[in-house]
Amino acid sequence: MINSLRWRLAWTFTLLSTFAVLIQAVALFVSTEEQEEDMINEVVNATLENQVRQPGTPLDLDDLPTAPQRMKFFRLPRGLRPAELPEQYATLPAGIHEWYKGEIEYHVGIRDSGNERLFLMYDASEHETRLEQLEWQLIIGIAVLSLASLWLGYWLAGRVLHQLENITQRLKRNDESALNEPGLDREVALLADALDRYRQRNRELLEREREFTANVSHELRTPLTRIRTSAELLAEDPALQERSKERADRIVASVDAMESRLRGLLFLARELALDERKPLNLKRHVEAAVAPVRHACEERGVQIDVAVGEHVTVQADASLLQLLLDNLIGNAARYTERGCIVIGFADGALSVTDTGSGIPPEHVAHVFKRHYRASDTPGGTGLGLSIVKRVCDAHGWTCSIASHSTEGDPQHGTRVTVRFNS
């Protein structure tokens, strides 16, 4: 809800409405309070003025329009004050003063008439009660109005954002029809038009990529087929020496490997669905990936140990599994100058562990990104681990990496683990 634009608009509308009403409520309360004060003072002043103009006339509180029980009148010689009032009221200047007795507020009017001083005490507690009731009514009214504003703001925001939500749902459904339709608001229409143009550019780009991959597939497979056919015919020549036949057989095997890798790369480029998953002997594919790099590793004194059981099988696409293993083992062979490379399988996970240079910690989180390289060792393109990640994603497998690059660390090297989720 915090990140919802609809709720943000609703809260904004509510806050603005509440603020405006709050200002009006405060103004109403202050105005009412001032009017109450003015009314009390007017009653007190008018009563005292009548007594000053008619000094000999006794004051009958029952004749006043205001309830008599709220007023007390005193006529005393100058220098004296009613017993209820503090001493300073005997010498205060004429006028109206406020005095509090406990929680009761009195408006005390004082007038001088000859040798007498007139006191009129007005109990304002009833007015204070009315103001307190008004205060609570305003608070409850503001709370109710705020809730109503929140509901109304949420409803209005939904109406405003309806067109955007409709566009979003159509994008989620991959609706190919135009998003910019008649009747849209101007701003929403501009956004829809921009999205339509963007989707059209993407469609054109994807179409060009499909054409390119199709052309690559056709143009490469044709010469590969010719090479394979020529190598097979050469290997069948009875006059050919045994060593030359072995080389011709290696050419045929290499062409088969290239076609398998080409199919895997085209799969990744097109993001096609897997349609050839079947049980595969994992050790056989590991050995096939180890064979091209074993000789170079042995020349550097790097030992390759395959610790995969003979009967371990994996449900996978054969060409993609081989592509994954080629990249994992090829990376390990490229970056390991001494020590060993161990390919193991346990608890449903394949691990390729090397004693190479390792990957600095700041690079580990980025090694699965395309074209990202954590080393300047020649021969790398930054695609190996990104291809491994794509193959894992295509099969629903998980891939993780742990590496230590500190010299002297007993765990120095890199370990990549692929878990074949069932």
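Here is a chat between a biologist and a modeller about this predicted model.

Biologist: Where is confidence lowest in the protein, and where is it highest?

Modeller: This is a predicted model, with a mean pLDDT of 82 and 86% of its residues at 70 or more. Where pLDDT is low, the predicted coordinates should not be read in detail. The low end is helix α4 (residues 242–270), with a mean of 72, while the high end, at 91, is strand β8 (residues 340–346).

Biologist: Okay, the sheet with β1 in it. Which strands stand at its edges?

Modeller: That open sheet has 4 strands in the order β1-β4-β3-β2, with antiparallel pairing. An edge strand has a single partner strand, so one side of it is left without a neighbour in the sheet. The strands that fit are β1 (71–77) and β2 (95–101).

Biologist: What is the bridge partner of R75 in β4?

Modeller: β1 runs antiparallel to strand β4 (residues 116–123), and 7 bridges join the two. Look along β4 for the partner of R75, and you land on L118.

Biologist: Which helix lies across β1, β2, β3 and β4?

Modeller: Neighbouring strands of this sheet are turned by 25 degrees against each other on average, direction ignored. The helix across them runs at about 30 degrees to β3 (104–113) and spans residues 5–53, which is α1.

Biologist: Now the sheet with β6 and β10. Is its pairing parallel, antiparallel or mixed?

Modeller: Check the pairs one by one. β6 and β8 pair in the parallel sense over 5 bridges, but β8 and β9 pair in the antiparallel sense over 6 bridges. β10 and strand β11 (residues 413–419) are antiparallel too, over 7 bridges. For the open sheet of 5 strands, in the order β6-β8-β9-β11-β10, the pairing is mixed.

Biologist: Which residue in β9 is the bridge partner of G344?

Modeller: G344 sits in β8, where it stands opposite A307. β8 and β9 form a hairpin with 2 residues between them, and D347 in the turn has a positive phi of about 55 degrees. Across in β9, the partner of G344 is S351.

Biologist: Are α5 and α6 roughly parallel or roughly antiparallel to each other?

Modeller: Helix α5 (residues 282–300) and helix α6 (residues 318–334) pack with their axes 9 Å apart, at an angle of about 25 degrees. Angles under 35 degrees count as roughly parallel. The crossing is right-handed. Therefore α5 and α6 are roughly parallel.

Biologist: How many nonpolar residues are in the contact of α5 with α6?

Modeller: From α5, the contact includes L282, V286, V290 and V293, and from α6, L321, L325 and I329 are among the residues involved. Sorted by class, there are 2 charged and 2 polar residues, and the nonpolar count is 12.

Biologist: How many charged residues are in the contact of α6 with α8?

Modeller: The axes of α6 and helix α8 (residues 384–395) come within 9 Å and cross at roughly 145 degrees, in a left-handed crossing. The contact includes L320, L324 and N327 of α6 along with L385, I387 and V391 of α8. By class, the residues come to 9 nonpolar, 4 polar and no charged.

Biologist: One more. Which strands does α5 lie across?

Modeller: Besides packing with α6 at an angle of about 25 degrees, α5 runs at about 175 degrees to β6. The strands α5 lies across are β6, β8 and β9 (349–354).

Notes:
Residues numbered from 1 in each chain as written. Predicted model: local features only at pLDDT ≥ 70, side-chain atom pairs only at ≥ 80, totals over all residues. Heavy atoms only, no water. pLDDT = per-residue confidence, 0-100. Axes fitted to C-alpha atoms, helices over the stretch in contact; angles between N-to-C directions. Parallel < 35°, antiparallel > 145°, perpendicular 65-115°, else oblique. Left-handed = near helix turned anticlockwise from the far one by under 90°. Contact = heavy atoms within 4.5 Å. Nonpolar A, V, L, I, M, F, W, Y, C, P; charged D, E, K, R; others polar. Pairing = 2+ DSSP bridges.
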